[in-house]
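Here is a walk through one protein model, strand by strand and ring by ring. Have the structure open as you read.

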Amino acid sequence: PLSGIAFRNTEQGEAVGEGLSAETYGFNPDAAVAFWVAALDELVADGVYDNGDIIELELLIFSGSEAQVSFGNFIKSSFEDLFDADSNEYGISVTVDVEPKDFPGIYFDWMMVGRFHLSIGGISGSTLNASGFMDVFADDNRGGFTLNWGIDTTTANIQVEILNFETGEMEQQMWSFNALQRALVGRVYVEFGEEATPED
C-alpha cells in the first residue's frame with residue numbers, strides 16, 4: 001500500500017549503496033588498478049595492445065558547465081595518474097581527452113549513436129513520473145530516445161518478489177527490465193517474466 005513515505009526514507013531506500021563506499025562515491029583506486037592490470041594481461045595476450053602503447057580515450061561532457069569541466073578534469077587526472085606506464089609490466093598508459101559537447105547534440109549526435117569512449121550525461125525523471133524516464137534504457141527504443149548500447153532488457157533475468165493475487169502469497173520470479181519498467185508506469189501483461197500480448 002502507498003504510505004506517502006519517499007522511497008529514499010524507507011528501510012529499503014536507506015539500504016541502497018550499503019557496502020559501496022559512499023564517502024568515495026563507490027570509487028576504489030586499488031580495485032580499479034587491479035582490474036586494469038587483469039584486463040591488460042588478457043589484451044596483451046590477445047595481441048590487442050603491445051608494450052609501451054598509449055590508450056587514448058575521449059570523454060564527452062556537457063558544454064557550458066563548470067561542474068562538468070571539474071568532473072571531466074577529475075576523471076582525466078584519475079585515469080592518467082592511476083593507469084600510467086608504471087602501473088603495469090607492459091608500460092601501457094592512458095590519456096584522456098575531455099571534449100565539451102552542446103546539449104542536446106551530446107545525446108543525439110554522440111551518445112545515442114555510440115560515438116564515444118566515455119560520456120557523461122543524465123536523464124532525470126520528474127517527481128511525478130520518475131519511472132517513466134527509465135524507458136530510455138529499454139532495448140526496443142520504446143521512448144524514441146535510447147541510451148541502450150546493446151544491453152538485452154527483453155529477457156527475464158531480474159529476480160523480483162511479487163504478490164500472487166490468486167494465492168495471496170509472495171513469490172520469487174524472474175522478470176525482464178522492460179516488463180518491470182512498464183509495470184511501474186501502468187498495466188502490463190507478463191508471461192514467463194517478459195512482456196506479452198494478452199490473448200483476446
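## A look around the model

Let's start with proline 100, which is found in strand E2 (residues 93-101); helices (H or I, at least four residues) and strands (E, at least two) are DSSP runs, numbered from the N terminus. Proline 100 touches Ile61 and Ser63, leaving aside residues up to four places away in sequence, where contact means heavy atoms within 4.5 Å. Glycine 26 is 74 residues away from proline 100 in sequence, and the two are 25 Å apart in space, C-alpha to C-alpha.

A word on the ground rules: this is a predicted model, in which local features need pLDDT of at least 70 and side-chain atom pairs count only at pLDDT 80 or more, while totals for chains, interfaces and linings use all residues. Residues are numbered from 1 along each chain as its sequence is written, and side-chain values use heavy atoms, with hydrogens and water left out.

### The parallel sheet

E2 belongs to an open sheet of 3 strands in the order E2-E1-E3, with parallel pairing. E2 and E3 are the edge strands, each pairing on one side only. Two strands pair if DSSP finds at least two bridges between them; E1 and E2 have 9 bridges, in the parallel sense. Leucine 59, for instance, has valine 98 in E2 as its bridge partner.

Serine 93 also lies in strand E2. Is serine 93 buried or exposed? Serine 93 is buried, with a relative accessible area of 15%; buried means under 20% relative accessible area, exposed over 50%, and partly exposed in between (1.4 Å probe, protein chains only). Its contacts, not counting residues up to four places away in sequence, are Asp53, Ile54, Ile55, Phe83, Asp84 and Ala85.

### Rings

The structure holds 8 aromatic pairs. Rings of Phe, Tyr and Trp (its six-membered ring) pair if their centres lie within 6.5 Å; planes under 30 degrees apart count as stacked, over 60 as edge-to-face and the rest as tilted. One of the pairs is phenylalanine 62 with tyrosine 107, edge-to-face at 5.8 Å centre to centre and 70° between the planes. That pair links distant parts of the chain, with phenylalanine 62 in strand E1 (residues 54-62) and tyrosine 107 in helix H4 (residues 105-111), 45 residues apart. Both phenylalanine 62 and tyrosine 107 are buried. Ring pairs also tie Phe62, Phe103, Tyr107, Phe108 and Phe145 into a cluster.

Tryptophan 110 has a charge for company: the charged end of arginine 115 sits over its ring, 3.9 Å from the centre. That label applies if NZ of Lys or CZ of Arg is within 6 Å of the ring centre and within 35 degrees of the ring normal.

### Backbone oddities

Most residues other than glycine have a negative phi, and most peptide bonds are trans. Here are some backbone spots to look up.

| Residue | Backbone value | Place |
|---|---|---|
| Asparagine 141 | phi about 50° | loop between strand E3 (118-119) and strand E4 (158-164) |
| Phenylalanine 192 | phi near 55° | loop between strand E6 (190-191) and strand E7 (194-195) |
| Proline 104, joined to phenylalanine 103 by a cis peptide bond | omega about 5° | loop between E2 and H4 |

Asparagine 141 is partly exposed, with a relative accessible area of 35%. Phenylalanine 192 is exposed, at 76%.

### The hairpin and the pocket

E4 and strand E5 (residues 169-175) run antiparallel and are joined by 7 bridges. Valine 160 stands opposite glutamine 173 in E5. The two strands form a hairpin with 4 residues between them, and glycine 168 in the turn has a positive phi of about 75°.

Where is the largest pocket lined? E4, E5 and helix H5 (177-185) each supply at least two residues of its lining, and E4 gives the most, with 5 residues. The lining has 13 residues, of which Glu161, Ile162, Leu163, Trp175 and Ala183 lie nearest the centre of the pocket. A pocket here is, on a 1 Å grid over the protein atoms alone, an open set of points where a 1.4 Å probe fits, with protein on both sides within 12 Å along at least five of seven lines; lining residues have an atom within 4 Å of a point. The volume of the largest pocket is about 460 Å³, counted as the space filled by probe spheres set on the points, which are joined across faces, edges and corners.

Finally, H5 itself: its buried residues are Phe177, Asn178, Ala179 and Gln181, and they pack against E4, E5, E6 and E7.
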